[in-house]
Amino acid sequence: MNHFAFLGCNNLGSSATNGNLVFPTNVAQINVQAFANCSKLQCQQLSGGNSYMPESLQKIGAGAFIGCVGITGALNLNNKNAAGSYVSTISHLGSAAFMGCTGLNGALSLPVNSNYKNVLPYTFA
């Protein structure tokens with residue numbers, strides 16, 4: 001996803017997905033402020049209910065979801081493998097990636113990945 005791709009869009013999703021944003025299975029990066037200030041954005045893949053982030057995802061850039069108050073509940077940055085264990089290919093969470101996402105109020109599951117190093121400043125501020 002390119003930088004600023006959907007910046008400020010408030011009606012993402014489709015009727016086929018009940019207004020829920022679904023990331024393509026081949027997305028490798030969600031770049032800088034790709035979904036910033038999309039106030040009505042909903043994405044079940046982020047909460048890890050019955051759907052998970054794409055296995056190809058490696059990077060969530062700075063401010064990627066900053067100000068997305070429609071994202072609610074838990075935040076799960078993992079997938080489940082065939083054995084049912086959590087795994088992730090994410091190795092980078094950008095600064096302020098989820099800043100201002102005031103609807104996040106459940107469990108936080110950081111990437112289970114040996115290449116994942118740390119959480120940058122203000123990622124979840």
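1. Phe23 is buried, and Phe65 is buried too. Both belong to a predicted model, so every value below is computed. The two rings form an edge-to-face pair, since their centres are 6.3 Å apart and their planes stand at 80°. The planes count as edge-to-face because the angle is over 60 degrees. This pair links distant parts of the chain. Phe23 sits in the segment before β1, while Phe65 sits in the loop between β2 (59-60) and β3 (73-76). They are 42 residues apart.

2. The count of aromatic pairs comes to six. One of them joins Phe6 and Phe35. This pair is stacked, with 5.2 Å from centre to centre and 10° between the planes. It too links distant parts of the chain. Phe6 lies in the segment before β1 (29-30), and Phe35 lies in the loop between β1 and α1 (44-47). The separation along the chain is 29 residues.

3. How buried or exposed are the partners, Phe6 and Phe35? Phe6 is partly exposed, at a relative accessible area of 29%. Phe35 is buried, at 0%.

4. Look next at how the rings connect. Ring pairs join Phe6, Phe23, Phe35, Phe65, Phe98 and Phe124 into a cluster. Phe98 also appears in point 7, among the contacts of Leu77.

5. Now the strands. Three of them make an open sheet in the order β1-β2-β6, and the pairing is parallel. β1 and β6 (92-93) are the edge strands, each pairing on one side only. Between β2 and β6 the parallel pairing runs over two bridges. Lys59 stands opposite His92 of β6.

6. How many disulfides does the whole structure hold? The search finds zero. A disulfide is a covalent bond between two cysteine sulfur atoms. Cys43 has its closest cysteine sulfur in Cys68, 9.9 Å away, which is too far for a bond. The cut-off is 2.5 Å, so that distance does not qualify. Cys43 counts as buried, with 7% relative accessibility. Cys101 is in no disulfide either. For Cys101 the nearest cysteine sulfur is again that of Cys68, at 5.3 Å. Cys101 counts as buried, with 8% relative accessibility.

7. Leu77 deserves a separate look. Its place is in the loop between β3 and β4 (79-80). Leu77 is buried, with a relative accessible area of 1%. What does Leu77 contact, leaving aside neighbours within four places in sequence? The partners are Leu46, Ile60, Ser88, Ile90, Leu93, Phe98, Ser109 and Pro111. Leu46 is 31 residues from Leu77 along the chain, yet their C-alpha atoms are separated by 6.5 Å.

8. Last, the interior space. Searching the whole structure finds one cavity of 30 Å³ or more. The largest cavity holds about 30 Å³ of space. Which residues line the largest cavity? They are Met53, Pro54, Leu57, Leu77, Asn78, Asn79, Ser88, Thr89 and Ile90. Leu77 is thus part of the lining. Ser88 and Ile90 line the cavity, and both are also contacts of Leu77.

How values were computed. Residues are numbered from 1 along each chain as its sequence is written. This is a predicted model: local features need pLDDT of at least 70, side-chain atom pairs count only at pLDDT 80 or more; totals for chains, interfaces and linings use all residues. Side-chain values use heavy atoms; hydrogens and water are left out. Rings of Phe, Tyr and Trp (its six-membered ring) pair if their centres lie within 6.5 Å; planes under 30 degrees apart count as stacked, over 60 as edge-to-face and the rest as tilted. Helices (H or I, at least four residues) and strands (E, at least two) are DSSP runs, numbered from the N terminus. Buried means under 20% relative accessible area, exposed over 50%, partly exposed in between (1.4 Å probe, protein chains only). Two strands pair if DSSP finds at least two bridges between them. Contact means heavy atoms within 4.5 Å. On a 1 Å grid over the protein atoms alone, a cavity is a set of points where a 1.4 Å probe fits but cannot get out, and a pocket is an open set with protein on both sides within 12 Å along at least five of seven lines; lining residues have an atom within 4 Å of a point. Grid points are joined across faces, edges and corners, and a volume is the space filled by probe spheres set on the points.
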